[in-house]
Amino acid sequence: MATLKQSGAVSALHSSNGHSVSSEPTLTQIFGSNVFSDREMKKRLPKNTYLALRKVMQGEAELTLDVANVVAEAMKVWAIEKGATHYTHWFQPLTGKTAEKHDSFLEPQADGSAIAVFSGKALIKGEPDASSFPSGGIRATFEARGYTAWDTTSPAFLKEDAAGNATLTIPTAFVSYTGEALDKKTPLLRSMEALSRQAIRVLQALGNKKARGLFPPWARNRNIS
């Protein structure tokens, strides 16, 4: 499968006088090219969907399935264009390592063909096994489930393995059936929300009625475990 370099990043073009002209991209062009960034969302999402997603990311609205479906389709097209065949919910369980649950974009059809599918439901939530994590006391089998939930404030990205195979990687939080945090991200997100809520109270008491949320500068690095 083509990697960033193999896909033409270091190829050479010929000018009209026959001389080779390097088409190697600059560092600024390479930076963030495998991230489904705000710039990429602006380019690929309808304006109303983009604005709705921005409100979700800023904590001003709940994510709807209609918005998630449009985002998932754009994300899938972007990933496939870059050579991805699978997607994964990526999370940091209480093991000191990251974990992933992989699924294919391809969905077999009755006639023997396959189509590429990625729904908003698949983007929003996954169900990796959580039976080995502390969900509290004696429990029924269904209570041993774990759920991954898309963290809209962290951008999805492409992760390449040693062979150059790309996977659409979706940052998620990981919680138990009963809501306990089973990862390192959930407590961080909850603490950020609590900090923002109390900071808004202080700002409003000081006369700032326009502030809607507080985003600490270290929040952009929350994917690093």
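Where do Glu73 and Lys76 lie, and how many residues apart are they? Both residues lie in helix H5, three residues apart, which is about one turn of the helix. The model examined here is predicted.

The protein chain contains seven helices and 10 strands. It has 225 residues, and 35% of them count as buried. Contacts were also sorted by separation along the chain. Among those between residues at least 6 apart in sequence, 57% join residues at least 24 apart.

Salt bridges were examined next. Side chains of opposite charge can pair when their charged atoms come close. A search of the whole structure finds nine salt bridges. One of them joins Glu73 to Lys76, with 3.2 Å between the closest N and O atoms. The two partners differ in their exposure. Glu73 has a relative accessibility of 38%, so Glu73 counts as partly exposed. Lys76 has a relative accessibility of 8% and therefore counts as buried, the cut-off being under 20%.

A further salt bridge pairs Glu100 with Lys159, at 2.7 Å from N to O. This pair links distant parts of the chain. Glu100 belongs to strand E4 (residues 99-104), Lys159 belongs to strand E9 (residues 157-160), and the two are 59 residues apart. Glu100 is partly exposed, because its relative accessibility is 31%. Lys159 is also partly exposed, because its value is 38%.

Arg44 and Glu81 form another salt bridge, and their closest N and O atoms are 2.7 Å apart. Arg44 sits in helix H3 (residues 38-44) and Glu81 in helix H5 (residues 65-81), so this salt bridge ties together parts that are 37 residues apart in sequence. Arg44 shows 27% relative accessibility and so counts as partly exposed. Glu81 reaches 55%, so Glu81 counts as exposed; the cut-off is over 50%. The pair also belongs to a network. Salt bridges that share partners join Glu40, Lys43, Arg44 and Glu81.

Helix packing was then considered. Two packed helices are described by the angle between their axes and the distance between the axes. Helix H4 (residues 47-57) packs against H5 at an angle of about 110 degrees. The axes of H4 and H5 are 10 Å apart. An angle from 65 to 115 degrees counts as roughly perpendicular, so H4 and H5 are roughly perpendicular to each other. The crossing of H4 past H5 is left-handed.

Which residues of H4 meet H5? Thr49, Ala52 and Leu53 in H4 meet Val67, Val70 and Val71 in H5. By type, the residues of this contact comprise five nonpolar, one polar and no charged. Thr49 was examined on its own. This residue of helix H4 has a relative accessible area of 7%, so Thr49 is buried. Beyond its neighbours within four places in sequence, Thr49 is in contact with Val67, Val70 and Val71.

Two strand residues were also examined. Thr167 is found in strand E10 (residues 166-176). Is Thr167 buried or exposed? Thr167 is buried, because its relative accessible area is 13%. Residues up to four places away in sequence were set aside when listing its contacts. Thr167 then touches Ala84, His86, Tyr87, Thr88, His102, Phe157, Leu158 and Lys159. Of these, Lys159 has already appeared as the salt-bridge partner of Glu100.

Gly126 lies in strand E7 (residues 125-126). Its relative accessibility is 13%, so Gly126 counts as buried. Gly126 touches His89, Gly146, Tyr147 and Thr148, again not counting residues up to four places away in sequence. Gly126 and Thr88 are 38 residues apart along the chain, and their C-alpha atoms are separated by 9.1 Å. Thr88 is also among the residues that Thr167 touches.

A residue of helix H7 completes the set. Arg201 lies in H7 (residues 185-205). With 57% relative accessibility, Arg201 exceeds the cut-off of 50% and so counts as exposed. Between the C-alpha atoms of Arg201 and Ala211 the separation is 9.7 Å, and the two residues are 10 residues apart along the chain.

Note on methods:
Residues numbered from 1 in each chain as written. Predicted model: local features only at pLDDT ≥ 70, side-chain atom pairs only at ≥ 80, totals over all residues. Heavy atoms only, no water. Helix = DSSP H or I, 4+ residues; strand = E, 2+ residues; numbered from the N terminus. Buried < 20%, exposed > 50% of the residue type's maximum accessible area, 1.4 Å probe, protein only. Salt bridge = Lys/Arg side-chain N within 4 Å of Asp/Glu carboxyl O. Axes fitted to C-alpha atoms, helices over the stretch in contact; angles between N-to-C directions. Parallel < 35°, antiparallel > 145°, perpendicular 65-115°, else oblique. Left-handed = near helix turned anticlockwise from the far one by under 90°. Contact = heavy atoms within 4.5 Å. Nonpolar A, V, L, I, M, F, W, Y, C, P; charged D, E, K, R; others polar.
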